[in-house]
Amino acid sequence: GNKTATRDISVDHEIPMLSMQKVQTAEEANDWYYKTINIPNLRFYDVSNTGVWIDPKLDGVSGKVVYYNNGKFKYASTRGDGKVGAILKFGKDITGVPERFLPNSELRGEFIISKKFQKFYGGPLRNICTGILKRDTYTDDIKNVTFVIYDAFTYQLSNEITFSDRKDKLRRIEEILTENDNKFTIIPLRKTNDIAKTYEDYVNNWRDKYEFETDGMILTVDGGKENYTTINEKYKISTFNRYNI
């Protein structure tokens with residue numbers, strides 16, 4: 001088919017899509033973790049069960065899906081530079097893009113191609129995913145791209161998602177999507193008190209088992225929105241959240 005490149009239609013993100021700080025070793029991750037959880041005034045809901053939440057860092061194209069004030073699909077876009085992204089012309093056709101969510105809200109996630117298509121495409125899946133998303137002409141393999149959800153935000157306090165920790169927030173997102181009969185994929189999540197061992201498990205085991213290519217782990221401090229606000233406020237000028245790394 002005709003695969004002309006599209007002129008990007010840019011869109012401002014209502015809530016900036018911040019980038020992530022990176023560390024290379026478990027020692028650095030531990031330093032970050034202990035420094036962060038010792039910030040004054042943090043509230044942990046279950047002190048017996050503190051630890052850090054782990055998601056795989058998906059190696060696709062970051063982006064989001066935005067919903068109108070009636071909760072119906074408005075558009076899908078890439079993250080871009082975090083302030084401005086590009087609208088995806090065939091966003092609605094991507095596998096796992098829910099048709100409905102909360103009014104005036106966004107779901108955040110990764111547009112990514114499953115490893116099962118590796119033989120079919122041959123090349124690096126991330127580059128192939130980028131190419132498919134940018135096409136100006138519809139091709140069926142837009143359906144080979146999956147949207148994997150890892151977060152959600154609402155633009156009004158009146159319909160805010162309340163949650164006690166990372167897992168609870170994903171559970172709430174899942175409930176809302178299930179009520180609306182959507183087909184969706186949510187990021188797998190686990191919790192650990194041993195970052196070094198978890199990283200070793202990731203490298204030696206989970207990385208091969210995940211359906212999608214990953215290039216690391218994302219660590220998120222326990223606790224809810226109040227904690228995340230307290231942590232972020234400690235660093236006034238920042239291009240990233242400080243409660244995950």
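Colleague: Where does serine 114 lie in this model, and what makes it buried or exposed?

Modeller: In this predicted model, serine 114 belongs to the loop that runs between β6 and α2 (118-121). Its relative accessible area is 2%, and since buried means under 20%, serine 114 is called buried.

Colleague: Which residues is serine 114 in contact with, once its neighbours within four places in sequence are left aside?

Modeller: Serine 114 is in contact with Leu125, Asn144, Glu211 and Phe212, where contact requires heavy atoms within 4.5 Å. Leu125 also appears in the lining of the largest cavity, together with Asp59, Gly60, Phe111, Ile112, Ile113, Arg126, Cys129 and Glu213.

Colleague: How do you know how much space that largest cavity holds, and which elements each supply at least two residues of its lining?

Modeller: The space in the largest cavity comes to about 30 Å³, and the count of cavities of 30 Å³ or more is 1. At least two lining residues each come from β6 and from α3 (125-134).

Colleague: What can be said of the largest pocket, its volume and its lining?

Modeller: The largest pocket has a volume of about 1400 Å³. Its lining is made by 46 residues, and those nearest the centre of the pocket are Met17, Leu18, Arg108, Asp151 and Asn241. Among the elements that each supply at least two lining residues are β2 (52-58), β6 (105-113), α4 (166-179) and α6, while β7 gives the most, with 5 residues.

Colleague: Why is threonine 198 called buried?

Modeller: The relative accessible area of threonine 198 is 6%, and because the limit for buried is under 20%, threonine 198 counts as buried. Threonine 198 is found in helix α5 (residues 195-209).

Colleague: What makes the pairing of threonine 198 with threonine 192 a polar contact?

Modeller: The two side chains come to 2.7 Å, which can be set against the limit of 3.5 Å for a pair of N or O atoms, so the pair is called a polar contact. Beyond its neighbours within four places in sequence, threonine 198 is in contact with Ile54, Thr192, Trp206 and Met217.

Colleague: Trp206 has just come up, so how do you know that a charge sits over the ring of tryptophan 206?

Modeller: The charged end of arginine 190 is 3.5 Å from the centre of the tryptophan 206 ring, and the distance allowed for such a charge is within 6 Å. In a second example, lysine 234 lies over the face of tyrosine 235, with 5.3 Å to the ring centre.

Colleague: Why is the pair of tyrosine 199 and tyrosine 202 called tilted?

Modeller: A search of the whole structure finds 10 aromatic pairs. In the pair of tyrosine 199 and tyrosine 202, the ring centres are 5.9 Å apart and the planes stand at 35 degrees; the centres must lie within 6.5 Å, and planes under 30 degrees apart would be stacked and over 60 edge-to-face, so this pair is tilted. Both residues lie in helix α5, 3 residues apart, which is about one turn of the helix.

Colleague: What makes tyrosine 199 and tyrosine 202 buried, exposed or partly exposed?

Modeller: Tyrosine 202 has 2% relative accessibility and counts as buried. Tyrosine 199 has 35%, and because this value is neither under 20% nor over 50%, tyrosine 199 is called partly exposed.

Colleague: How do you know whether the aromatic pair of tyrosine 228 and tyrosine 243 is stacked, tilted or edge-to-face?

Modeller: The planes of tyrosine 228 and tyrosine 243 make 15 degrees, with 4.0 Å centre to centre, and as under 30 degrees counts as stacked, the pair is stacked. Tyrosine 228 lies in helix α6 (residues 225-233) and tyrosine 243 in the segment after α6, so the pair ties together parts 15 residues apart in sequence. Both tyrosines, 228 and 243, are buried.

Colleague: What makes the phi of asparagine 41 worth a remark?

Modeller: Most residues other than glycine have a negative phi. Asparagine 41, which is not a glycine, has a positive phi near 75 degrees. Asparagine 41 is in the loop between α1 (26-37) and β2, and its relative accessibility of 68%, set against the limit of over 50%, makes it exposed.

Note on methods
Residues numbered from 1 in each chain as written. Predicted model: local features only at pLDDT ≥ 70, side-chain atom pairs only at ≥ 80, totals over all residues. Heavy atoms only, no water. Helix = DSSP H or I, 4+ residues; strand = E, 2+ residues; numbered from the N terminus. Buried < 20%, exposed > 50% of the residue type's maximum accessible area, 1.4 Å probe, protein only. Polar contact = N/O pair within 3.5 Å; in protein donor to acceptor, adjacent residues only side chain to side chain. Phe/Tyr/Trp six-rings, centres within 6.5 Å; stacked < 30°, edge-to-face > 60°. Lys NZ or Arg CZ within 6 Å of the ring centre and 35° of its normal. 1 Å grid on protein atoms, 1.4 Å probe; cavity = no way out; pocket = protein on both sides within 12 Å on 5 of 7 lines; lining within 4 Å. Points joined across faces, edges and corners; volume = space filled by probe spheres on them.
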